[in-house]
Amino acid sequence: SVMRHASVIEPVIASTSLLQRILSHGVTTFMSNWKAYSIIPFVAGFVGWFTNYLAVQMIFFPIKWRGVPFYRVEGEPLGFFGWQGIVPAKTLKMSEAMVNTTINDLLTMEEIIQRLDPDTVADKLLPSSGKIVQPFIDELLADKPTTLRSFASSYATDADGWVQQKLAHTFLRDLTKDVQNNIGSICNLRNCVVEMMMSDRSLLGKLFQISGKDELQFLTDSGLWFGFLLGMIQLVVALYWDNPWTLSMGGLVVGLATNWLALKWIFEPVSPLKIGPIVLQGLFLRRQNEVSADFAKFFASRVLTSRQLWSSMLTDATTLPEWEKLLANRFAIFTKDATFGAVDLQLKSRKLQAASAKTCATLFNYLSDLHGYVDEALEIEQTLRARMMAMTSAQFERVLHPIFEEDELTLILAGGGLGFLAGLIQQLVSTGSIILPRFSFGDQTKLISTLGSIIGLYAVSLALKP
């Protein structure tokens, strides 16, 4: 019995003794250079924060490509030796994707254009009615006596004439109805949004920065405490593995892991996952109502404004010909009705077509008084907000996630590269040299460190330069 009891105790004593030796070795190693070991988790925390911060900057900046103009592919952020923000570089692709996956499902011009009241539109445009139709008068009466042209111009622009005002109001009201009935052919919503984004490549980035402000801040800040926790593990490894490469490899792991973990935490899980009393869901998806309000407000005030819609419709090569046909048809019907059939303009008439083209070219100049009413009546902000709030989690996730997906691997690898560089610097501070497998740079450490610093500073300047 005593022997059996002793056989049980011996392994326990042995394991306890082994644990004590392990702990003793760790403490002894730590105390041999406690300053260097103590800063490992703090350096890892800084590396995690800095790599995540730089990753966020690289998403949006610089707006224009910066680097050596030796080789690059348009639409790609990374060139031979340079960088352009992911969003500015891929504005065309991202804008088209956003229209296809978000806007088209939430907003249709056929629906919202019906919210305009034709009589109200006519009232707003009435003071400019004479100027609007002036190209028709000039073109159609070009070969008529000057007195007739002058009379027609004066008659059309007479603001006090009751008959003229009545006719002008009828023309503008019916023209508005034509626009409502034919909006599918005279308005290309995709082109309107994409053209606006391409004209100012910072605009899409601003939309994402406002909508995802909390997530982008989390992506940056999380690097600090993710990095610190990983740094504690790195410290323990360094105590028992006497290899200078533990610092640089640790930096690589910290850089990779902090970016990857933060990105995963923002968007996953997509649907709420309940584990006991805890409900897990991606940070972005939890803020669906708040993001919907920010997204809708920005989109309605900066992208799909009345001014942008009309400008796009009257200049877009895919819609302008339809506009010219619509105006020519409306003016032909109007003149026939106003003259009780005495004037019957042929739609294929070159003069009528030329007059309609000139009217389209100048029409936008006379719509200033209309924009305020259109912005209010279309209710784009309210419509977008309500429908985004009603989206499923899977649908809503596609609003912001695409900007990370485009070059998610690039961002993670960039974080790893910068973390590795920071680890080398930490190794240099701790040991006085940089040692790579099978290679020792010895006295060249200073030269290589200087070169690495120059490259690192250049990369940082590229990312931060707007």
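## A walk through the predicted model

Among contacts between residues at least 6 apart in sequence, 77% join residues at least 24 apart in this protein. Please keep in mind as you look around that the model is predicted. Its secondary structure comes to 26 helices and six strands. Of the 466 residues, 44% are buried.

### How confident is the model?

The protein has a mean pLDDT of 79, with 80% of its residues at 70 or more. Which elements mark the two ends of the confidence range? Helix α21 (residues 371–378) has the highest mean, at 95, while strand β6 (residues 439–440) has the lowest, at 46. Around that strand, residues 439–445 stay under a pLDDT of 50, and the model gives them six contacts beyond four places in sequence. Another stretch, residues 462–466, is also below 50, and here the model shows 21 contacts beyond near neighbours in sequence. A friendly word of caution belongs here: where pLDDT is low, predicted coordinates should not be read in detail.

### Helices α3 and α14

Now turn to helix α3 (residues 40–60) and helix α14 (residues 213–240). Their axes come within 6 Å of each other and cross at roughly 150°. Because angles over 145 degrees count as roughly antiparallel, α3 is roughly antiparallel to α14. The crossing of α3 past α14 is right-handed.

An aromatic pair also links these two helices: Phe-42 sits in α3 and Phe-228 in α14, 186 residues apart in the chain. How are the two rings arranged? A pair of aromatic rings is described by the distance of the centres and the angle of the planes. For Phe-42 and Phe-228 the centres are 5.4 Å apart and the planes stand at 70°, so the pair is edge-to-face; the cut-off for that class is over 60 degrees. Phe-42 counts as exposed because its relative accessibility is 56%, where exposed means over 50%. Phe-228, at 31%, counts as partly exposed.

The structure holds eleven aromatic pairs. Ring pairs also join Phe-46, Trp-49, Phe-50 and Tyr-53 into a cluster.

### Two backbone details

Two loop residues deserve a look on your screen. Pro-62 lies in the loop between α3 and β1 (66–68). The peptide bond leading into Pro-62 from Phe-61 is cis, with omega near -5°.

Glu-379 is found in the loop between α21 and α22 (380–389). What is notable about its backbone? Glu-379 has a positive phi of about 55°, although it is not a glycine. At 36% relative accessibility, Glu-379 counts as partly exposed.

### A buried glutamine

Gln-308 belongs to helix α18 (residues 306–315). Is Gln-308 buried or exposed? With a relative accessibility of 13%, Gln-308 counts as buried, because the cut-off for buried is under 20%. Setting aside neighbours within four places in sequence, Gln-308 is in contact with Cys-192, Met-196 and Val-303.

### Accessibility side by side

Here are the residues discussed above, with their relative accessibility and class.

| Residue | Relative accessibility | Class |
|---|---|---|
| Phe-42 | 56% | exposed |
| Phe-228 | 31% | partly exposed |
| Glu-379 | 36% | partly exposed |
| Gln-308 | 13% | buried |

Key:
Residues are numbered from 1 along each chain as its sequence is written. This is a predicted model: local features need pLDDT of at least 70, side-chain atom pairs count only at pLDDT 80 or more; totals for chains, interfaces and linings use all residues. Side-chain values use heavy atoms; hydrogens and water are left out. pLDDT is the predictor's confidence in each residue, from 0 to 100. Helices (H or I, at least four residues) and strands (E, at least two) are DSSP runs, numbered from the N terminus. Contact means heavy atoms within 4.5 Å. Rings of Phe, Tyr and Trp (its six-membered ring) pair if their centres lie within 6.5 Å; planes under 30 degrees apart count as stacked, over 60 as edge-to-face and the rest as tilted. Buried means under 20% relative accessible area, exposed over 50%, partly exposed in between (1.4 Å probe, protein chains only). Axes are lines fitted to C-alpha atoms, for helices over the stretch in contact, and angles run from 0 to 180 degrees between N-to-C directions. Angles under 35 degrees count as roughly parallel, over 145 as roughly antiparallel, 65 to 115 as roughly perpendicular and the rest as oblique. A crossing is left-handed if the near helix is turned anticlockwise from the far one by less than a right angle, and right-handed if clockwise.
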